[in-house]
Amino acid sequence: MSAVAEVIRPGMQSTVQDWPGRVGYWHIGVPPSGPMDDLSFRLGNRALGNPEGAPGLECTLGGPALRFDAPTWVCVTGAPVPVTVNGVPARQWRSVLVPAGGVLDIGMVRGPGMRSYLLVAGGIDVPEYLGSRATFTLGKFGGAEGRALAAGDKLILGEPTGRVGAGVPGDEQPVLTRRWELAVTEGPHGAPEFFTRADFDTILSADYEVHFNSDRTGVRLIGPKPQWARTDGGEAGLHPSNIHDTAYSVGALDFTGDTPILLGPDGPSLGGFVCPVTVVAAERWKLGQLTPGDSVRFVPVRADRAASLHALGAARRAGWPMVLTGGGDADDGILARRETADGTAITYRRAGNDGVLVEYGEMTLDLGLRARVHALHQHLVERAEPGVSELTPGIRSLQVRTDPDRLPTRRLLEMLSETEAELPCSDDLVVPSRTVHLPLSWDDPATREAITRYMHGVRADAPWCPWNIEFIRRVNGLVSVDEVFDTVFAAEYLVLGLGDVYLGAPVATPTDPRHRLVTTKYNPARTWTPENAVGIGGAYLCVYGMEGPGGYQFVGRTTQVWNHASSGVDEDPWLLRYFDRISWYPVSAEELLDLRADTAAGRGELRAEDGEFRLADYRAFLDENAASIAEFRTRQTRAFDAERESWRAAGELTETSV
């Protein structure tokens, strides 16, 4: 019979995590989760004779009290906390035997640091979901029923298999501080394309402060406002931080407007903001220990000289409070530039020391570029190259995440170059493309509530407040908000990406350019968005897969796009596929609530018809309607420019060097 640990006191936020977490689902908006400080977690497991990734507890600020029904070896690591066994102080970072019936109590973090970890011999036995036991609380899966621990929970413990050691040696324990240095690589979005040289120098020399509004999705920072190298993001949005949606990296410094956020292990996989630098994989453990008020400085390093994520001892370089460096790669994050056979530009951007972003063409919305991305994606999926861990398509890019110890960046670039020569012409692209009919509650009360919360808690004077739909009308030069309604319901939205934001949420654009309403995103972003809200940002529409932050301008709300009743074994929990075409039909707010209840109970039925998308036919359609498309774009551009000038006059936009 398995041993059990009963939760007497759950702590402030204690969750079951494993390492490396939920790998392989970044492309549909499922983050890896796992311990935010992987180093402390893995060291504790190794001390107990466990596999490094065995499930344990991550405890934020205040730890739990647990009663063990059998003698159990434990090790508490991470940020400094008081630890007692039956009221008797026990040492942190040491293997400690809790007797049968004994109570292990982990107190409040004393600092520096933010998170402590409890590892137990044999690990914690909870069900797997999508290949991992890690808790993703926002997605409501993994760990203890997808949530933090609660009093009365009973955690089943695994059977110990390894030899328990004395603990973690002192010279292997990471140094925690209140003045952090983080080793970063340049890219993917550097100077002078997106940031000025002065901006980039500031990013690498300024002391940023950790904001109190930080969590596992990302660490928000307070620091200098960039001057920017562009006046706006073009079709991607009015703000110069806006880009066509692309895959993010854990550890990327993401500028959501002028606000810098270090993306965490529960962060989004896809989004439309620039990231000038990325924390190297071996240093991302520090994100888990950043505490509000701490200072952060980014130190450039060469990607090929970064410590290995697999190292746990001195080679990890975690015992030093500073980053020793001879400088960065000094290449603006550009690894190479090439061309396809038809002259399309290819840019290979560095996405950390463990990733490459392959980007096609100019910074425009072109479905031909997405077709090229699709061809590369499918080829690499079929190739199944050892060392590649994730392949995530964006609008005009594909992110390739790797284990650099198995597949160095130099070899990856060679492989990608070889692959290009084998890809078919994008004009030949024919892919399955269902027409999926979804309900839309226009200007839904839940989205109105989110706007009200934003005005009360974040910003009341934003140009898109108090009504996002009126802002969409104005920026697109439409006569009335009825035209916004008519345009959205007449459009057919082609799904170009999944996971924006989270859990299979689609990023889509109308196939007919005359239906492409262009907006900018919130700046700063919202702190709360209702589940399955529908919004427009840049030229794209997205459905929010779950509650959380967001920046798209609301038009309404729909039914769930993720099936939480699915185990993820027999059927995929995500509803939509790449190149599906979404067609909206109007419902009232009351009708939507009924439909959502039916969907949650498993009674909902998906209305979809099979079909296909042919790029050659689509290009013929564009040629046939070129005149009216150009007329629409001229009117839209005129309104967009007028809105931009009004922003500039109001101080919304900073003058740039462009």
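Partly exposed here refers to a relative accessible area between the buried limit of under 20% and the exposed limit of over 50%. In this predicted model, T84 falls into that middle class, since its relative accessible area is 22%. The residue sits in strand 6, which runs over residues 83-85. Leaving aside residues up to four places away in sequence, T84 touches P89 and A90, and also V103, L104 and D105. G107 lies 23 residues from T84 in sequence, with 8.5 Å between the two C-alpha atoms.

Next comes the sheet. Five strands form an open sheet in the order 2-3-10-5-8, and the pairing is antiparallel. Strand 2 (14-17) and strand 8 (95-98) take the edge positions with a single partner strand each, so one side of each has no neighbour in the sheet. On average, and ignoring direction, neighbouring strands are turned by 30° against each other. Within the sheet, strand 5 (residues 72-78) and strand 10 (residues 115-120) are joined by five bridges in the antiparallel sense. In this pairing V76 faces L118 of strand 10. Helix 1 (residues 38-47) packs on the sheet and touches strand 2, strand 3 (56-60), strand 5, strand 8 and strand 10. The direction of helix 1 makes about 25° with that of strand 10.

What about the cysteines? Searching the whole structure for disulfides gives zero. For C59, the closest cysteine sulfur belongs to C75 and is 12 Å away, which is too far for a bond, given that a disulfide needs the two sulfur atoms within 2.5 Å. C59 is also buried, because its relative accessible area is 0%. C275 tells a similar story: its sulfur has C542 as the closest cysteine partner, but at 17 Å that is too far for a bond. With a relative accessible area of 2%, C275 is buried.

Further along the chain, helix 6 (residues 468-475) packs with helix 10 (residues 626-650). The axes are 8 Å apart and meet at an angle of about 115°, so helix 6 and helix 10 are roughly perpendicular to each other. On the helix 6 side, the contact is made by F471, R474 and V475. Helix 10 brings in Q636, A639, F640, E643 and W647. Sorted by character, the residues of this contact are five nonpolar, one polar and two charged.

Note on methods: Residues numbered from 1 in each chain as written. Predicted model: local features only at pLDDT ≥ 70, side-chain atom pairs only at ≥ 80, totals over all residues. Heavy atoms only, no water. Axes fitted to C-alpha atoms, helices over the stretch in contact; angles between N-to-C directions. Helix = DSSP H or I, 4+ residues; strand = E, 2+ residues; numbered from the N terminus. Parallel < 35°, antiparallel > 145°, perpendicular 65-115°, else oblique. Contact = heavy atoms within 4.5 Å. Nonpolar A, V, L, I, M, F, W, Y, C, P; charged D, E, K, R; others polar. Pairing = 2+ DSSP bridges. Buried < 20%, exposed > 50% of the residue type's maximum accessible area, 1.4 Å probe, protein only.
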